[in-house]
Amino acid sequence: MGSQSGKDSVERTSSSDTTITSRNDRALVPCEIIEDQSKDDAENEVKRTLTRIRTSVGDLDESHLIGRYKEISDIIDLISNKDIRFSQVISVWGMGGLGKTTLVNSVYQSPKLSDGFERRAFVTIMRPFNLADLLRSLIVQLQEEATKEELLKNSASKNGSLTMMGVEALTKQLKRLLEIKHCLIVLDDLSSIAEWDEIMQGFCWIGKTTRIIVTTRKEHIAHHCSGNDKTVRNLDVLKEEDALDLFSQKVFGKDTEFANKNPELVEEVNQILKKCGELPVVKAIDLVKKNPELVEETNKILKKCGGLPLAIVTIGGYLASRPKTRDEWRKLNENINAELEMNPQLGTIRTILEKSYDGLPYHLKSCFLYLSIFPEDHIISRRRLVCRWTAEGYSSERRGKSANEMAETYFTELKNRSLILPSQQSVHSRKSINSCKVHDLIRDIAISKSMEENLVFRLEEGCALSTHGTIRHLAICSNWKGDQS
Ligand SMILES: Nc1ncnc2c1ncn2[C@@H]1O[C@H](COP(=O)(O)OP(=O)(O)OP(=O)(O)O)[C@@H](O)[C@H]1O
Ligand SMILES: [Mg+2]
């Protein structure tokens, strides 16, 4: 993501391979309205409106953020809450590619926060985790915000000397920068409780007005960091209309982005320009109206993406470079599974999603692969799944817990990692979820991995039984027309 000031920096802060990405790009500059008394009102109005457009297009250029307005204002409310008992830490969790970093970055850059915090720092935690590098990055960013006077007082604060400092000295330095001031710190992509605990050892003295936003893929880490359920947020997939909006922008470019986001502004400016005898400045590019032949294929693609922004932008970005014809898009739909594996551009989605699978402990891997026996979009009952895992030997009695209880914990663990999505909340209990679904792209991974492992063999259209050796489960799909060999 670019920065408003063009100041995105990737700094190699030590001799280790770890890099810390800092995002000190600042909130959007408020729209500058140039008044010119010598011109008549209509002309001034055009100028004012054009300036607003430039600013709005500028915003979109920077963030490319679609939807999420409710989530942004919710998080802003949380970090603006002055009540210390509430929690200083706000955690946002959800599966890879859901848009956690993008969302939190928008909050971080929000003009609404510019008065609330005197200093800010945004650090993406890199692997392998290195506390010293993380502290250095925080110091560098927070120093950029310190006044000259403060810097003079801190002779040790020159960046050059930071590289020589150990964790203890860095912590002291950070303390000087943080205490008393109102600070906002974003720790993006935390992957373990151990990392958090290590960071917190140096943070125990942070001022009461400091707020920390954490993003993580895992629910239990989010709860651990916040220490208060009220400040934990599970990010949802994009709503249908936002998914279409994001897809259209990716495929058709900025004009759509602006027009879709500011329909009332488009109308307004075009009317003013018309009065002045000018041609319209921007026109809405409505995918449905302008490209009706693509609508059916678009719907199929978006269904496959299941509201996951990463999937939408990756596939949209790929299609943007291809001819915008129904045949081309149909081809992609037909080959989407193969494309996901073979096309390097699309392969990134898979690589990212596969990381969630690779990170599973062995017992959860098998439980996850078992999900590939269910049909697409199938709502899987929790009770049924747990009983099946138990009956099929995927869970066994351990540490005083029955096999069934263990299977229950597996369900929760997979849900926490967003590999299964809760689909229905029990009416009797607000806590428990009584059914789930598997994201299409995640299911594709389960299918190919379970075939590789000879765990599940799927009899689908055009498949022959004889081509495979020993397998554990056989799934017969409704489109299988019998053995053709
Ligand atoms: N609301 C949104 N509007 C536009 N694009 C988005 C939105 N959310 C996410 N994206 C796009 O999706 C991609 C993935 O988003 P992001 O990196 O924020 O996901 P993440 O949840 O942080 O993933 P990870 O867990 O892998 O860090 C981004 O490159 C961004 O371009
Ligand atoms: Mg992220």
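Is Cys436 buried or exposed? At 1% relative accessibility, Cys436 counts as buried. Keep in mind for every view here that the model is predicted.

**View 1. Two cysteines, Cys183 and Cys436, tucked out of reach of solvent by the accessibility numbers.** Cys183 comes out at a relative accessible area of 0%, so it goes down as buried. Cys436 gets the buried label too, with 1%. As for sulfur bridges, the disulfide count is zero.

**View 2. Phe247 meets Trp329 edge-to-face.** Five aromatic pairs turn up in the structure. In this one, the ring centres of Phe247 and Trp329 sit 5.6 Å apart with the planes at 80°; that angle is over 60 degrees, so the pair is called edge-to-face. Phe247 belongs to helix H10 (residues 240–252) and Trp329 to helix H16 (residues 326–334), so the rings tie together parts that are 82 residues apart in sequence. Phe247 is buried, at 0% relative accessibility. Trp329 is buried as well, with a relative accessible area of 0%.

**View 3. Tyr357 and Phe368 make a tilted pair.** Here the planes of Tyr357 and Phe368 are at 40° and the centres 5.6 Å apart, so the pair gets the label tilted. The two partners are 11 residues apart, Tyr357 in helix H18 (residues 344–358) and Phe368 in helix H19 (residues 362–370). Tyr357 has a relative accessible area of 6%, which makes it buried, and Phe368, at 1%, is buried too. Tyr357 has another visitor: the charged end of Lys365 sits over its ring, 5.3 Å from the centre.

**View 4. Arg120 parks its charge over Tyr108.** The charged end of Arg120 is 5.9 Å from the centre of the Tyr108 ring.

**View 5. Tyr370, Phe374 and Tyr394 form a ring cluster.** Ring pairs are what link Tyr370, Phe374 and Tyr394 together.

**View 6. Leu319 and the largest nonpolar core.** This core has 73 residues, and those touching the most other members are Ile315, Leu319, Phe368, Leu385, Trp389 and Leu414. Phe368 is also the ring partner of Tyr357 from View 3. Zoom in on Leu319 and skip its neighbours within four places in sequence: what remains in contact is Phe247, Val251, Ile301, Lys324, Trp329 and Leu332. That list takes in Phe247 and Trp329, the edge-to-face partners of View 2.

**View 7. A second, separate core.** This one has 28 residues, among them Ala121, Leu177, Leu178 and Ile185.

Methods
Residues are numbered from 1 along each chain as its sequence is written. Chains are lettered from A and ligands numbered from 1 in the order in which they are written. This is a predicted model: local features need pLDDT of at least 70, side-chain atom pairs count only at pLDDT 80 or more; totals for chains, interfaces and linings use all residues. Side-chain values use heavy atoms; hydrogens and water are left out. Rings of Phe, Tyr and Trp (its six-membered ring) pair if their centres lie within 6.5 Å; planes under 30 degrees apart count as stacked, over 60 as edge-to-face and the rest as tilted. Helices (H or I, at least four residues) and strands (E, at least two) are DSSP runs, numbered from the N terminus. Buried means under 20% relative accessible area, exposed over 50%, partly exposed in between (1.4 Å probe, protein chains only). A charge sits over a ring if NZ of Lys or CZ of Arg is within 6 Å of the ring centre and within 35 degrees of the ring normal. A disulfide is a pair of cysteine sulfur atoms within 2.5 Å. A nonpolar core is a set of buried Ala, Val, Leu, Ile, Met, Phe, Trp, Tyr and Cys residues joined through side-chain atoms within 4.5 Å. Contact means heavy atoms within 4.5 Å.
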